[in-house]
Amino acid sequence: MKSNIRRKLTALIFLVNMAIIALTWFMAVFMFKPMYYAVTQAELGNMMNKVVTAIELDGGITDKTLEEISGFINVGTCIDIADKNGNGMVLFEGIGDACQLHSEGSNSSFFEQQRKIDSYTAKELRRKIREHSRTNYNAHYQDDLGNIQAIKGRFYDGKYTIIVSTNLARIENIVSIVSTQLQTASLLGILLSIIIATVMSHWFMSPLLKMSAATKEIAKGNYDVKVQINSRDEFGQLAKDFNQMTEEIQRSHEMQKDLLANITHDLRTPLTIIKGYAESIKDITGDSKEIRDQQLTTIIEETDRLSQMVGSVMEYTKLNQTGYKLNIVQFDIADMCRDIVEMYSYKAEKDGKSVSYAGPEQVYVFADAALIERVIHNFISNALVHTPPQTRVGVAINITAEGKVKVSIYDSGQGIRQEDIPHLFDKYYRARKDGGKTGSGLGLAIVKSILENHNFKYGVESREGLGTEFWFII
């Protein structure tokens with residue numbers, strides 16, 4: 001298939017070059033004479049108009065008219081003016097002895113003026129022009145030696161027969177010379193076309209072959225492969241997109257392996273508990289409603305834990321997908337914090353704890369409100385878990401010197417060891433000895449994903465025995 005495309009591309013480039021060569025041949029061999037004749041006739045027509053205009057302005061042929069007409073003569077042209085009967089009146093020559101209209105054959109003298117002006121050829125031509133009426137008469141005259149003379153004539157005002165002519169200077173010889181030169185140029189062009197087609201097809205196919213090889217490596221499971229194409233054209237952009245795609249595939253693959261490994265480990269414990277209590281209910285509990293209810297409660301709690309774990313995994317996976325779109329809106333984050341604090345207050349009071357808010361009455365920010373609410377919920381719930389009874393969890397909002405909004409959630413717990421702080425936001429990392437407290441292990445990892453998707457700064461400060469503060473800046 002690779003060689004197929006290369007052959008097709010080589011053939012295409014070669015055919016394009018052949019088409020250009022063929023078009024050049026066609027224009028030079030078949031169109032050169034008609035185009036040359038057409039241009040010559042246009043020039044003769046322009047000269048004819050000048051002669052007629054000069055005669056018309058002067059009311060006939062005068063010395064002034066003749067002087068003016070003589071100025072129209074170019075090298076290779078001549079003007080013949082005869083009366084209404086076809087008798088020559090004046091001849092202006094720019095062709096010289098090469099004029100075929102005013103000679104009596106190869107043995108005649110070219111310097112006998114009267115014989116030149118009233119030659120047999122000239123008289124016959126004048127007669128045809130008069131018969132052609134007053135419109136322009138176009139013709140070509142060719143002698144035995146191959147010389148061609150272009151002719152334009154007009155019978156003007158019933159008084160004057162005007163002939164304007166020019167020598168086409170052996171047009172057949174010119175075409176022959178051009179054809180000979182084209183043969184050499186065509187051979188060189190064909191050879192050059194083959195070389196260019198081969199080089200261009202190789203250059204064009206090279207990046208595609210690189211990407212094809214990289215694709216095969218990816219199919220084998222080698223996600224470290226990179227396509228090195230340094231051009232700034234579409235191939236370079238394609239290589240960049242391909243490498244980015246490879247990185248995302250590798251990232252997704254590693255995440256999948258990691259999640260499977262961790263979820264498999266975390267699912268084993270609740271599933272074992274559920275199975276054990278279910279078997280106990282079936283085989284041991286019997287008619288003891290109290291024991292059965294306790295075991296069923298444990299099964300329900302473990303089932304809820306599984307549901308929470310699966311939900312966290314799905315949420316974390318969604319937030320880490322490339323191109324995840326945030327729903328950015330403007331909202332009052334101070335009002336949001338007060339609502340969340342009130343929501344947790346009842347549960348905190350039951351455990352002998354308290355939750356409070358300190359900060360401005362109104363603070364409007366731009367962010368994904370639902371996700372920021374998820375962050376604050378996570379920080380407060382974690383703080384309540386790790387703060388002892390008769391202490392409080394605080395939520396504070398402060399405006400930084402740069403005019404940004406800093407949201408802080410702090411507790412009065414046992415604090416976190418400094419060596420654990422850099423790993424707190426890693427998935428499935430648990431640092432604090434929480435006395436058997438359970439969770440999905442993804443809470444802070446989800447928070448990290450949310451804040452990084454927003455490009456918000458975040459962090460944690462803790463002192464052992466005094467408490468911990470989690471914060472982020474909008």
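This text walks through two sheets of a predicted model and the helices that pack around them.

Begin with the sheet built from E1 to E5. Its 5 strands are ordered E2-E1-E5-E4-E3. The sheet is open, and the pairing is antiparallel. Strand E2, residues 88-93, stands at one edge, and strand E3, residues 137-142, stands at the other. Each has a single partner strand, so one side of each lacks a neighbour in the sheet. On average, neighbouring strands here are turned by 20 degrees against each other, direction ignored.

Now look inside this sheet. Strand E1 covers residues 77-82, and strand E5 covers residues 160-167. The two run antiparallel and are joined by 6 bridges. One residue pair can be picked out: Ala82 has Thr161 in E5 as its bridge partner.

Two helices lie across these strands. Helix H2 lies across E1, E3, E4 and E5. Its direction runs at about 35 degrees to that of E4, the strand at 148-156. Helix H5, residues 120-131, lies across E1, E2, E3, E4 and E5. H5 runs at about 120 degrees to E5.

H2 also meets another helix. What angle do the axes of H2 and H3 make where they cross? They cross at roughly 160 degrees and come within 10 Å. That makes H2 roughly antiparallel to H3, because angles over 145 degrees count as such. H2 spans residues 32-58, and H3 spans residues 63-70. Their crossing is right-handed. From H2, the contact uses Val51, Ala54, Ile55 and Asp58. From H3, it uses Lys64, Thr65, Glu68 and Ile69. By class, these residues are 4 nonpolar, 1 polar and 3 charged.

Move on to the other sheet. It is open too, with 5 strands in the order E7-E9-E10-E12-E11. Here the pairing is mixed. The edge strands are E7, at 354-358, and E11, at 457-463; each pairs on one side only. Neighbouring strands are turned by 15 degrees against each other on average, again with direction ignored.

Within this sheet, follow E10 and E12. E10 holds residues 405-410 and E12 holds residues 467-473. They pair in the antiparallel sense over 5 bridges. Ser408 stands opposite Trp471 in E12.

Helix H10, residues 369-386, packs on this sheet. It touches E7, E9 (392-399), E10 and E12. The direction of H10 makes about 175 degrees with that of E12.

H10 and E12 are also linked through their side chains. The whole structure has 4 aromatic pairs. One of them joins Phe379 and Phe472. The ring centres are 6.5 Å apart, and the planes make 35 degrees, so the pair is tilted. Which parts of the chain does this pair link? Phe379 sits in H10 and Phe472 in E12, distant parts of the chain that are 93 residues apart.

H10 has a helix partner as well. Its axis and that of helix H11, residues 443-454, come within 10 Å and cross at roughly 145 degrees. This crossing is left-handed. H10 supplies Leu371, Ile372, Arg374, Val375, Asn378, Phe379 and Asn382 to the contact. H11 supplies Gly443, Leu444, Ile446, Val447, Ile450, Leu451 and His454. This contact has 9 nonpolar, 4 polar and 1 charged residues. Phe379 thus appears in two places: in the contact with H11 and in the aromatic pair with Phe472.

Note on methods: Residues numbered from 1 in each chain as written. Predicted model: local features only at pLDDT ≥ 70, side-chain atom pairs only at ≥ 80, totals over all residues. Heavy atoms only, no water. Pairing = 2+ DSSP bridges. Helix = DSSP H or I, 4+ residues; strand = E, 2+ residues; numbered from the N terminus. Axes fitted to C-alpha atoms, helices over the stretch in contact; angles between N-to-C directions. Contact = heavy atoms within 4.5 Å. Parallel < 35°, antiparallel > 145°, perpendicular 65-115°, else oblique. Left-handed = near helix turned anticlockwise from the far one by under 90°. Nonpolar A, V, L, I, M, F, W, Y, C, P; charged D, E, K, R; others polar. Phe/Tyr/Trp six-rings, centres within 6.5 Å; stacked < 30°, edge-to-face > 60°.
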